[in-house]
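Visitor: I have a two-chain model open on my screen, and I would like to learn how to read it. Could you walk me through the interface and the empty spaces?

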Amino acid sequence: MCTLEKRGNLFILTFTGEDQHRFNPNVIGSLLSLLSQVKAEATRGSALITQAQGKFFSNGFDLDWAQAAGSEQGAAERLRQMVDLFKPVIAALLSLPMPTVAAITGHAAAGGFVLALSHDYLIMRKDRGVLYMSEVDIALTIPDYFNALFREKIGDASVRRDFLLRGLKMKGDEAEKRGVVEAAYGGEAEVRQASVRLAENLGRRKWHGEVYAEIRKGLYPQLSAILGLTHKAY
Amino acid sequence: MCTLEKRGNLFILTLTGEDQHRFNPDLISSLLDLLSQVKAQATCGSVLITQAQGKFFSYGFDLDWAKAAGSERGAAKRLQHMADLFKPVIATLLSLPMPTIAAITGHAVAAGFTLALSHDYLIMRKDRGILWMPEVDIAVTLPDYINALFKEKIGDASVRRDLFLRGLKMKGDEAEKRGVVKAAYDGEAEVREASVCLAENLGKRKWNGEVYAEIRKGLYPQLSAILGLSHKVY
């Protein structure tokens, strides 16, 4: 499932196990709970790293659980339920009073990619793992907050088109070159080390967490509005 | 303070003196006044260059004047007051009926960077001076119109994140490479010459100033809306 540990100023959120780390209502519930904990324990100098074990960062929503509803309508309802449950997770990340880093050591697809993209900095592997929005390939439309996230986090319209309309599976090299991730490294250990280094550097700035979160919301105004986050306009 | 001169078709607005050219209510008022003069005297082929003497383009709002209020609350009010007074300056630049160039020969920080970014073209020094948004470091949030300006002028979401959430001090080389400025040159004289050269080339196109301004507002619709600028939709 997912665990939270504290290492000095760093909060480390980990998807444990060798599975696809799919988001079903239980996992989403846990995520939300752990992020609330992070928020409650935040101090100046805090930083969050979200990471995962195994070959996957996360492959998105639990479509098996959706299909287990037994009918097409039931499956669609379960999927909608997960989309709705997941929205507060993204809202929590967008308003988290500290810098956030996603350490992507495996595939990040659909909801999994969205989770990663909701962090301030993305670090990825060069040699393994893809970023992928599978929706066009499995004939699912994109929730409004997913769209807003992509629009405001990825400035390059061609990149957005390649992800959403082409179902591009983007490797680390290309992701770094095209500005989707901050940096890509050759190997799992390197990604984790770089993420810790970055998080520590950011933490050393000892930013005021609430102000940091307000500035972040101001950077992504449409997304913040869709997520129902109020923004203290100056 | 600031002066305005006319050189052929060029309007040259200069922040004079060797100080930090901090924006207090007096200077803001002068700026607004001079820009109104520029607008009134505009003809086909007019171009504006905004420049500064000394080591600073501008270091932003006059925080000393704000603190002289004597209390934290008083300082916050004075800062808000300057942000409110400054908004029409940006509105005037956005609706100026001629091309505009910022010749950045020194540090452009906070509201100083905002002023520069409100021009159509930015020319900067490679060897000296930085662009910097220190708000995250001094724990103040950003006015809505500044958020909108950066969002619509700088397409690269990573650049905006680096400027706002990381307090990055960006030198001319990086600013040119990452598309924040049009070009960076070695030395003060080279920047001034390049700005004049660019201004003359733009002026030669003899654009209809009113239409130019309308097209500019259409390029930055959210900013224009926040600035209260009506836009003649086609």
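Guide: We will take the contact between the chains, then a pocket, then the cavities. Please keep in mind that this is a predicted model.

Visitor: How do I read the size of the contact, and how many residues does each chain put in?

Guide: The size of an interface is often given as the accessible area lost when the parts come together. Here, about 2200 Å² is buried between chain B and chain A. Carbon and sulfur atoms give 55% of that area. Counting residues, the contact takes 26 from chain A and 24 from chain B.

Visitor: What should I look for in the way of charges, and how many salt bridges link chain B and chain A?

Guide: The count is four salt bridges between chain B and chain A. One to find on your screen joins the side chains of B:R166 and A:E182, at 2.9 Å from N to O. As for polar contact across this interface, the rule finds seven residue pairs, with both residues at pLDDT 80 or more.

Visitor: Which helix gives the most to the side of chain B that touches chain A?

Guide: That is α7(B), which gives seven residues. Four helices of chain B each supply at least two residues to that side: α3 (72–94), α5 (135–138), α6 (144–153) and α7 (157–165). Sorted by class, the side of chain B that touches chain A has ten nonpolar, seven polar and seven charged residues.

Visitor: Now the open spaces. What is the volume of the second largest pocket, and which residues are the closest to its centre?

Guide: The second largest pocket has a volume of about 400 Å³. It is lined by 22 residues, and the closest to its centre are A:F61, A:L63, A:L79, A:E135 and A:L140. Helix α3 (residues 72–94) of chain A gives the most to this lining, with five residues. By class, the lining of the second largest pocket divides into 13 nonpolar, five polar and four charged residues.

Visitor: And the closed spaces: how many cavities of 30 Å³ or more does the rule count?

Guide: The count comes to three. The largest cavity has a volume of about 130 Å³. Of its 14 lining residues, the closest to the centre are A:D120, A:K153, A:V180, B:S158 and B:R161, so look for residues of chain A and chain B there.

Visitor: Which elements give two or more residues to the lining of the largest cavity?

Guide: Those are β7 (121–125) of chain A and α7 of chain B. The largest share comes from α7(B), with three residues. You met α7(B) before, as the helix that gives the most to the side of chain B that touches chain A. The lining of the largest cavity has seven nonpolar, three polar and four charged residues.

Visitor: Where does the second largest cavity lie, in terms of the residues nearest its centre?

Guide: Look around A:G45, A:S46, A:M98, A:P99 and A:W207, which lie nearest its centre among 14 lining residues. About 60 Å³ of space lies in this second largest cavity. Helices α8 (188–204) and α9 (209–219) of chain A each supply at least two residues of its lining. By class, that lining has six nonpolar, six polar and two charged residues.

Terms used:
Residues numbered from 1 in each chain as written. Chains lettered and ligands numbered in written order. Predicted model: local features only at pLDDT ≥ 70, side-chain atom pairs only at ≥ 80, totals over all residues. Heavy atoms only, no water. Contact = heavy atoms within 4.5 Å. Buried area = accessible area lost by both parts, 1.4 Å probe. Polar contact = N/O pair within 3.5 Å; in protein donor to acceptor, adjacent residues only side chain to side chain. Nonpolar A, V, L, I, M, F, W, Y, C, P; charged D, E, K, R; others polar. 1 Å grid on protein atoms, 1.4 Å probe; cavity = no way out; pocket = protein on both sides within 12 Å on 5 of 7 lines; lining within 4 Å. Points joined across faces, edges and corners; volume = space filled by probe spheres on them.
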